[in-house]
Amino acid sequence: MFPADGNIDLMYFPYYGKKVQVNYTQPVVAIKFLNLTFNHDHNVECKMNAVNIATNDERDKFAGRVAFKIRVNKD
């Protein structure tokens, strides 16, 4: 995982828009998957854990998180 410790600098949050943060660059998180089973769906969920980011809003279950499936097909 990058960053290695799993922490992203708080300078990226909150985002106020291009007029206020002219040189803002979105933070990047990368994950390396090892030994995925071929021809099988793998469910992945990435979630922010911070005091100022709500991740438990019943009206928006994806606030502060993203979920997706990954599949590696073997020919």
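Is Val29 buried, partly exposed or exposed? The model is predicted, and in it Val29 has a relative accessibility of 47%, so the residue counts as partly exposed. The upper limit of that class matters here, because a residue is called exposed only over 50%. Val29 sits in the segment before S1. Together with Ile31, Phe33, Val66 and Phe68, Val29 makes a nonpolar surface patch of about 400 Å².

Phe68, one of the residues in that patch, leads to His42. His42 touches Phe68, and also Leu36, Thr37, Lys69 and Ile70, when residues up to four places away in sequence are not counted. His42 belongs to strand S1. With a relative accessibility of 16%, His42 counts as buried, because the cut-off for that class is under 20%. The side chain of His42 also has a polar atom 3.2 Å from the backbone oxygen of Thr37. Thr37 is thus named twice around His42, as one of the residues touched and as the owner of that backbone oxygen.

The charged side chains come next. How many salt bridges does a search of the whole structure find? The search gives 2.

One of them joins the side chains of Asp41 and Arg71, with an N to O distance of 2.8 Å. Asp41 lies in the segment before strand S1, which spans 42-47, and Arg71 lies in the segment after strand S2, which spans 65-70; the two residues are 30 apart in sequence, so the pair ties together separate parts of the chain. Asp41 is partly exposed, its relative accessible area being 34%. Arg71 is also partly exposed, at 41% relative accessibility.

Another salt bridge is formed by Glu45 and Arg65, whose closest N and O atoms are 3.3 Å apart. Here the partners are in the strands themselves: Glu45 is in strand S1 and Arg65 is in strand S2, and this pair links distant parts of the chain, 20 residues apart. Glu45 has a relative accessibility of 49% and counts as partly exposed. For Arg65 the value is 22%, which again means partly exposed. The value for Arg65 can be set against the cut-off for buried residues, which is under 20%.

Taken together, the salt bridges concern strands S1 and S2 in two ways. Glu45 and Arg65 pair from within the strands, whereas Asp41 and Arg71 pair from the segment before S1 and the segment after S2. His42, in strand S1, is buried, while Val29, in the segment before S1, is partly exposed.

Notes: Residues numbered from 1 in each chain as written. Predicted model: local features only at pLDDT ≥ 70, side-chain atom pairs only at ≥ 80, totals over all residues. Heavy atoms only, no water. Salt bridge = Lys/Arg side-chain N within 4 Å of Asp/Glu carboxyl O. Helix = DSSP H or I, 4+ residues; strand = E, 2+ residues; numbered from the N terminus. Buried < 20%, exposed > 50% of the residue type's maximum accessible area, 1.4 Å probe, protein only. Polar contact = N/O pair within 3.5 Å; in protein donor to acceptor, adjacent residues only side chain to side chain. Contact = heavy atoms within 4.5 Å. Patch = residues over 30% accessible without salt bridge, like charges linked within 9 Å, V, L, I, M, F, W, Y side chains within 5 Å. Areas by Shrake-Rupley, 256 points an atom, 1.4 Å probe, with all protein chains shown as cover.
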